[in-house]
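Okay, thanks for making time, everyone. Let me put the structure up and then talk you through it, starting with the ligand.

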Amino acid sequence: MLSEELHVTHPIPDTALPENLYAVDSHLQLALKRRYGQDYEGCQRADAYLQEWGGVVSRQLEPLTWDADRNTPELKQFNRRGQRVDELVFHPAYHEIGRLAYSYGLAAMANRAGFRGWERPAPQVLKNCALYLHSQVEGSVACPISMTDVLARVLNKFASPEIRERFVPRLTSTDYGTLYTGAMFMTEKTGGSDVGATTTTARRNGDWWELQGDKWFCSNVGADLILTLARPEGAPEGTRGLGLFLVPRNLPDGTRNSYVINRLKDKLGTRAMASGEVTLQGAKAYLIEPLERGFAMMMEMVNGTRIGSGVAGAGSLRRAFVEAQTHAAERRAFGKTLAEQPLIARTLANLAADSAATTSLMLAASAWDDRAEMPEASRETRVFARLLIALLKRYATSHGVKGAQTAMEIRGGNGYIEDFPNARLLRDAYVQIIWEGGVNMVSFDVLRLLERENGWTIFTNQVQNELANVSAPELHADFADLKMSAENLARQDRETRECAAPALTHAMASFYAALQLAQDAAFAAEHNLATDARTLLENYRRAVLQPSLFTLNQEVQ
Ligand SMILES: Cc1cc2nc3c(=O)[nH]c(=O)nc-3n(C[C@H](O)[C@H](O)[C@H](O)COP(=O)(O)OP(=O)(O)OC[C@H]3O[C@@H](n4cnc5c(N)ncnc54)[C@H](O)[C@@H]3O)c2cc1C
């Protein structure tokens, strides 16, 4: 009877993750092709790599995520002789996810040549596509991966040759046994937003600096290398007086550095990864020079991990769509499948459009990040890249949560039950909004770029250039609306500008995402590629862009 029941159609559809998350993502493939343009060889290589990785993510990585999430890490503070050890004990599934992801170069490929024999480091565009696929199945190991990747990038950019040579090869190792993972301990009890209030102090002692203080949120707390901020004795208050330091877990003689993990956080999501509270007790650290640019250099790390959060948000949204679509195609109510009910069909169309637009926005931000890293990059290019990264973080992380919530609702009661992936998807998506600055703080950063770095002019010039590539009169009208509201807002007082900043950034991100969809559609038409990008654009304008322009307009009046 039991086996018979298993073989007949069951009223509750199972989760049906596609065999290969890349192969089924035709919009990602199209948008990626557009980004590679004339570089056919690079495009083919990226496509072949993502085909392989997309299969590994679906078939090998996803099944591991259940055990890793359910069996959360433990902190073993003392050994049996009462010595302080602060060891972290993870479920083997956590390590296996890491082993797979690092071996596929997620932290290596963009930071060094030679991965898979490639003669140059991979572009951010490709690395972020790989992280996007990973983020569709889990958010816990994705966090250390992103921090390890960005730490290598920051050291490549700012560290002395000795530090670079010692640590970058370990951070970019594809062998889990020799890999060093990275972390950033920035948030203190005094606050994650107001970094200038940092109380950790630094004191020079011979060749080392020694750090004293408490760090309140430390993800990947067992990392081998930690980037952190501290105030050298006598340095000024605020962010100006903060130096940037690299703290190794183990000292060159093999002994443990002087810091303790007080406890692990009991978190809503990303439960497989250990986030802890740390006290630095004279921890030995390398100074990343120059001392007075500590905060500015740390912002490079924040910028890098912000794009990682945006990519993870885009991944959550895509997975939400996949789950909702596959479930609605099978689940029946009132004699029809859910997908045949007009309101659900509309919801799915909206989700598809939002996911595609967010994917295109992610690729745009990644491509500009690549351009900004070129030695010949202009100041305008660098400002525009920072602007897009902030817009992506603000938009994709909120929409990742919204999408996960919608997908949960479409699965109904089962969506709330931990046997299905929706609950974890929603729990993991939430943190992407909070870390590296919530919506408000990121929106304030955008305001700063617009007002102090000439960002608004740079943004509007770039939009005009891109609008010229597409015949989309409706987007010209949308842009006129956006400009009117934004320029009206710019004339208002500081308080009004701050209060409307989240609406402004939402409208700017939605508009720029729609503009990417329009260019994806134009590219497909020009190259005779099959796409539904035009329909996606229409749905996106109706479901997201127009409401966001309306909200901004209301805020400004
Ligand atoms: C699971 C998890 C892992 C984390 N891992 C790390 C990590 O590895 N390293 C690290 O450094 N940090 C980490 N964080 C900390 C995270 O970056 C901070 O929580 C975040 O930056 C917000 O800081 P806060 O919690 O101190 O909130 P606060 O700074 O107190 O802010 C509270 C809220 O008020 C808003 N706000 C603040 N000022 C203003 C203002 N002027 N106007 C309007 N709104 C304002 C903020 O946006 C926020 O929403 C982690 C957090 C979590 C939850």
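So, by class, how many nonpolar, polar and charged residues are in the shell around the ligand? We get nine nonpolar, seven polar and two charged. Keep in mind as we go that this is a predicted model.

Now, who is in there? There are 18 residues around the ligand, and the ones that come nearest are Met184, Thr187, Gly192, Ser193 and Ser219. If you'd rather think in secondary structure, strand E5, residues 208-219, gives the shell at least two residues. Helix H11 (422-434) and helix H12 (439-452) each do that too.

For those of you who'd be setting up interaction terms, here are some N and O distances. On the side-chain part, an N or O atom of Thr187 sits 2.7 Å from a nitrogen of the ligand. Ser193 also uses its side chain, with an N or O atom there 2.6 Å from a ligand oxygen. Phe217 comes in through its backbone instead: an N or O atom of that backbone is 3.1 Å from a ligand nitrogen. And as for cover, the ligand taken alone exposes 970 Å², of which the protein buries 66%.

Right next door in sequence terms, have a look at the loop between E5 and strand E6 (225-232), which is where you find Asn220. Asn220 isn't a glycine, yet its phi is positive, about 50°. Most residues other than glycine have a negative phi, and most peptide bonds are trans. On that second point, Glu289 and Pro290 are joined by a cis peptide bond, with omega about 5°. Where is Pro290? In the loop that runs between strand E9 (275-288) and helix H8 (294-330).

Okay, on to helix packing. Two packed helices are described by the angle between their axes and the distance between the axes. I've got three pairs for you.

Pair one is helix H6, residues 142-158, with helix H7, residues 161-171: their axes come within 10 Å and cross at roughly 160°. The two are therefore roughly antiparallel, and H6 passes H7 in a left-handed crossing.

Pair two is helix H9 (residues 342-373) against helix H10 (residues 379-411), packed at about 155° with the axes 9 Å apart. That angle makes H9 roughly antiparallel to H10. What's in the contact of H9 with H10, by class? It splits into 17 nonpolar residues, six polar and four charged. H9 passes H10 in a left-handed crossing.

Pair three is helix H14, residues 473-490, and helix H16, residues 533-556, with an angle of about 20° and axes 10 Å apart. Parallel or antiparallel, then? At that angle H14 is roughly parallel to H16. As for handedness, H14 passes H16 in a left-handed crossing.

That's my tour; happy to go back to any of it.

Note on methods
Residues are numbered from 1 along each chain as its sequence is written. This is a predicted model: local features need pLDDT of at least 70, side-chain atom pairs count only at pLDDT 80 or more; totals for chains, interfaces and linings use all residues. Side-chain values use heavy atoms; hydrogens and water are left out. A residue is near a molecule or strand if one of its heavy atoms lies within 4 Å of it. A polar contact is a pair of N or O atoms within 3.5 Å; within protein, one must be able to donate a hydrogen and the other to accept it, and residues adjacent in sequence count only if both atoms are side-chain atoms. Accessible areas come from the Shrake-Rupley method with a 1.4 Å probe; for residues, only the protein chains shown count as cover. Helices (H or I, at least four residues) and strands (E, at least two) are DSSP runs, numbered from the N terminus. Ala, Val, Leu, Ile, Met, Phe, Trp, Tyr, Cys and Pro count as nonpolar, Asp, Glu, Lys and Arg as charged, and the others, Gly among them, as polar. Axes are lines fitted to C-alpha atoms, for helices over the stretch in contact, and angles run from 0 to 180 degrees between N-to-C directions. Angles under 35 degrees count as roughly parallel, over 145 as roughly antiparallel, 65 to 115 as roughly perpendicular and the rest as oblique. A crossing is left-handed if the near helix is turned anticlockwise from the far one by less than a right angle, and right-handed if clockwise.
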